[in-house]
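Open the model in your viewer and keep the selection panel at hand. The tour goes stop by stop: select, look, move on.

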Amino acid sequence: MLEEVRFFVVAHRGASAYEPENTLRSVRRALEIGADAVEIDVRLSADGVPVVIHDETVDRTTDGTGRVAEMTLDDLRRLDAGQGEGIPTLEEILDEVRGRAILFVELKVDEAALPSLRLVRDVGMLDEVLFISFSQNALSRVRADEEGAHIGLIYFKPSDGIVGAKKLGCEFVLPYYRLATGKAIAFAHRMGLRVVPWTVDDLETARELKRRGADGVASNRPDVMMPLRE
Ligand code: G3P
Ligand code: CA
């Protein structure tokens, strides 16, 4: 399925410009818009459940306080992540996205790698998921356990990206958009990697990235990016 998409419009944390980030509501909005892919962030609860939340603590995005890794799923379930939405589990998001879009599962902590992989494999969605991470360690755990998993390396510094991704067996690199120069994109393509920069909310910048050869763009406003698919 990943191979079939020519240019990826990726809804970053769901359609997070319009709905609370990383919630079922923001994912549903992204699907309504028709995004090719939805990106979400995954951590582990204290009782080992892959849950969808960006930060190390719940403080910024919910009405609670505390570290995600020290809270059980029950604790996390009690919180409001915006407009009455709860913190979803990865399983709930997989269920929502299945057959409708690709899911970019960002592994925010290395410990989330194998539990997330197992879940994706158990529900038969390996071909609908791209595991992404800043952590090469997280991605190599996925790769070591499952050759069939699709993986992509996210990077923020020029030195981190393309060669490391190739060594890991990635199919994708996800550079901070300012690092996605024509030269970097061409180099990644020569290495057989597709390039999806993040996070861009204005169409002109995204158009320029596409002109340079980018294979997609992650945006909080996926609706704005839809013309790029044509
Ligand atoms: O897709 C990559 C991007 O999501 C990484 O940044 O901080 O929004 O998770 P962040
Ligand atoms: Ca992310």
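Is K167 buried or exposed? Select K167: the residue is exposed, because its relative accessible area is 73%. The scale used here: buried is under 20% relative accessible area, exposed is over 50%, and partly exposed lies in between, with a 1.4 Å probe and protein chains only. K167 sits in helix α6, residues 162–168. Helices (H or I, at least four residues) and strands (E, at least two) are DSSP runs, numbered from the N terminus. Add L90 and draw a distance: K167 and L90 are 28 Å apart, C-alpha to C-alpha, and 77 residues apart in sequence.

Before the next stop, some ground rules. This is a predicted model, where local features need pLDDT of at least 70 and side-chain atom pairs count only at pLDDT 80 or more, while totals for chains, interfaces and linings use all residues. Residues are numbered from 1 along each chain as its sequence is written, chains are lettered from A and ligands numbered from 1 in the order in which they are written, and side-chain values use heavy atoms, with hydrogens and water left out.

**Stop: the calcium ion**

Select ligand 2, the calcium ion. Its donors are E39 (OE), D41 (OD) and E106 (OE), at 2.1 to 2.3 Å. Donors are N, O and S atoms within 2.8 Å of the metal (3.2 Å for Na, K and Ca); water is not among the atoms, so sites may look incomplete. Along the sequence, the donor residues follow the spacing E-x1-D-x64-E. E39 belongs to strand β2 and E106 to strand β4 (residues 102–107), so the pair ties together parts that are 67 residues apart in sequence. Color E39 and E106 by accessibility: both are buried.

**Stop: the largest pocket**

Keep E39 and E106 selected. Add H12, W198 and T199: of the 16 residues lining the largest pocket, these five are the closest to its centre. The pocket holds about 170 Å³ of space. On a 1 Å grid over the protein atoms alone, a pocket is an open set of points with protein on both sides within 12 Å along at least five of seven lines, a cavity is a set where a 1.4 Å probe fits but cannot get out, and lining residues have an atom within 4 Å of a point. Grid points are joined across faces, edges and corners, and a volume is the space filled by probe spheres set on the points.

Show the strands next. β1, β2 and β4 each supply at least two residues of the pocket lining. By class, the lining has eight nonpolar, three polar and five charged residues. Ala, Val, Leu, Ile, Met, Phe, Trp, Tyr, Cys and Pro count as nonpolar, Asp, Glu, Lys and Arg as charged, and the others, Gly among them, as polar.

**Stop: the cavity**

How many cavities of 30 Å³ or more does the structure hold? One. About 50 Å³ of space lies in the largest cavity. Select its lining: E21, N22, T23, V52, I53, T61, T62, A81 and I87. Four of these are nonpolar, four polar and one charged.

Zoom in on N22, in the loop between β1 and α1. N22 is not a glycine, yet its phi is positive, near 55°. N22 is buried, with a relative accessible area of 2%. T23 lies in the loop between β1 and α1, and is buried at 0%. Leaving out residues up to four places away in sequence, T23 touches A81, E85, G86 and P88; contact means heavy atoms within 4.5 Å.

Now jump to Q83, in the loop between α2 (73–77) and α3. Q83 is another non-glycine with a positive phi, about 50°.

**Stop: two helices**

Select α1, residues 24–33. Its buried residues are L24, S26, V27, A30 and L31. Look down the axis: these residues fall within an arc of 165°, so they line one face of the helix. The arc is that of the directions from the helix axis to the C-beta atoms. They pack against β1 (8–12), β2 (37–44) and α3 (90–97). Just after α1, G34 has a positive phi of about 95°.

Finish at α8, residues 203–212, where L203, A206 and L209 are buried. Their arc is only 120°, which puts them on the same side of α8. Turn to the other side: E204 and R211 are exposed. The cover over the buried residues includes α7 (182–190), β9 (216–219) and α9 (222–225). G213 follows α8, with a positive phi near 115°.
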